[in-house]
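Let's take a walk through a protein fold together. Keep the 3D view open and turn it as you read.

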Amino acid sequence: MMNSLSDLVHAARTLTRARAFTAVCVVSLGLGMGVVIAILLLLRTVTATPPRINDKGLVEIVIRPSGQLRAQAGSAIIDTWSLPDYFDVRDAAGGMAVSGWSRGEGLYQPEDTGPAISMQAMYVSSNYFSTIGVTLPRGPGFTKADDASRSEPEAVIGHRVWQVRFNSDPNIIGRRVTINRTDFVIVGVTPEDFRGHTSGLNDGY
């Protein structure tokens, strides 16, 4: 115990005399810790479950090619599905809710006939929000209908879009919005901090 204390006192005196060396060590240590903390925060942001998403029981269905498919498509995992394949999987998945989604760009056409505005969009099946456990603060959400039906196109808009583009209209439900030259009926507004189940979906405006 005494030897350890003497060593600490000697080290402290040495560092006090070599102030430049001490300053370099402290700065280097601080920078190193800052980089490590930044990396950890980035990893947490990328891997953590986005806000409001209930990930209990959520899985992603992918295809690992084998046999003839591997010869045609290679060894990369396939995480995209054709619409008929999605319907086949959904109909065969007894006791499990299967939701489909696709991310893309949407061209929003303002009501004042100004130029179209590009914003991020997601195209999802009608059970998307119920599957990921998100409750919409406004509107009933998508109609519970067969996704293969020709029902009227419906849209759930982001909270920021509702605020900026529609002036926080309390009667937003039922209004129409034109995206990619298609008229949609607005059936809901997402929570303010919702960015998609995989995050990264900016609430454009």
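Start with a little group of aromatic rings: Tyr128, Phe129, Phe142 and Phe194 are linked into a cluster by ring pairs. Before you zoom in on them, bear in mind that you're looking at a predicted model. A search of the whole structure turns up 4 aromatic pairs. To talk about such a pair, people give the distance between the ring centres and the angle between the ring planes.

Try that with Tyr108 and Phe166. Their ring centres sit 6.3 Å apart and their planes meet at 55°, so this pair is called tilted. Where do the two partners come from? Tyr108 belongs to strand 1, while Phe166 is in the loop between helix 6 and strand 4, so the pair ties together parts that are 58 residues apart in sequence. Are these two residues buried or exposed? Tyr108 has a relative accessibility of 5%, so it counts as buried. Phe166 has 3%, so it counts as buried too.

Now go back to the cluster and pick out Phe129 and Phe142. With centres 6.0 Å apart and planes at 25°, these rings make a stacked pair, because planes under 30 degrees apart count as stacked. Phe129 lies in helix 5 (residues 128-132) and Phe142 in the loop between helix 5 and strand 3, so this pair ties together parts 13 residues apart in sequence. Both Phe129 and Phe142 are buried.

Time to zoom out. The protein has 6 helices and 5 strands. Follow the chain from the N terminus and you'll meet the elements as α-α-α-α-β-β-α-β-α-β-β.

So how do the strands come together? An open sheet of 5 strands has the order 2-1-4-5-3, and its pairing is mixed. Strand 2 and strand 3 stand at the edges with a single partner strand each, so one side of each has no neighbour in the sheet. On average, neighbouring strands in this sheet are turned by 55° against each other, if you ignore direction.

Let's step across part of that order. Strand 1 (residues 101-109) and strand 2 (residues 117-124) run antiparallel and are joined by 8 bridges. To find a spot on this seam, look for Glu105, whose bridge partner in strand 2 is Gln120. Strand 1 is also joined to strand 4 (residues 176-179), again antiparallel, by 2 bridges. Here Gln109 has Thr178 in strand 4 as its bridge partner. Moving on, 4 bridges join strand 4 to strand 5, and these two run antiparallel as well. Ile179 stands opposite Thr182 in strand 5. While you're looking at strands, here's a handy rule: in a regular strand, the side chains alternate between the two faces of the sheet.

Next, peek at the loop between strand 4 and strand 5, where you'll find Asn180 and Arg181. What's unusual about their backbone? Most residues other than glycine have a negative phi. Asn180, though, has a positive phi near 50°, and Arg181 has a positive phi of about 65° without being a glycine. Their surroundings can be compared with the cut-offs: Asn180 has a relative accessibility of 33%, so it counts as partly exposed. Arg181 reaches a relative accessible area of 85%, so it counts as exposed, since exposed means over 50%.

Finally, head inside. The largest nonpolar core has 12 residues in all, among them Tyr108, Trp162, Phe166 and Ile186. You've already met Tyr108 and Phe166 as the tilted ring pair. Strand 3 (154-157), helix 6 (159-165) and strand 5 (182-189) are the elements that give two or more residues to this core. Which of them gives the largest share? That's strand 5, with 3 residues. Apart from this core lies another one of 11 residues, including Met122, Tyr128, Phe129 and Val185. Tyr128 and Phe129 take you right back to the ring cluster where we began.

To round off the tour, here are some totals. Of the 205 residues in the protein, 22% are buried. Among contacts with a separation of 6 or more, 57% are between residues 24 or more positions apart. The accessible surface comes to about 14300 Å², and 57% of that belongs to carbon and sulfur atoms.

Conventions:
Residues numbered from 1 in each chain as written. Predicted model: local features only at pLDDT ≥ 70, side-chain atom pairs only at ≥ 80, totals over all residues. Heavy atoms only, no water. Pairing = 2+ DSSP bridges. Core = buried A, V, L, I, M, F, W, Y, C linked by side-chain atoms within 4.5 Å. Buried < 20%, exposed > 50% of the residue type's maximum accessible area, 1.4 Å probe, protein only. Axes fitted to C-alpha atoms, helices over the stretch in contact; angles between N-to-C directions. Phe/Tyr/Trp six-rings, centres within 6.5 Å; stacked < 30°, edge-to-face > 60°. Contact = heavy atoms within 4.5 Å. Areas by Shrake-Rupley, 256 points an atom, 1.4 Å probe, with all protein chains shown as cover.
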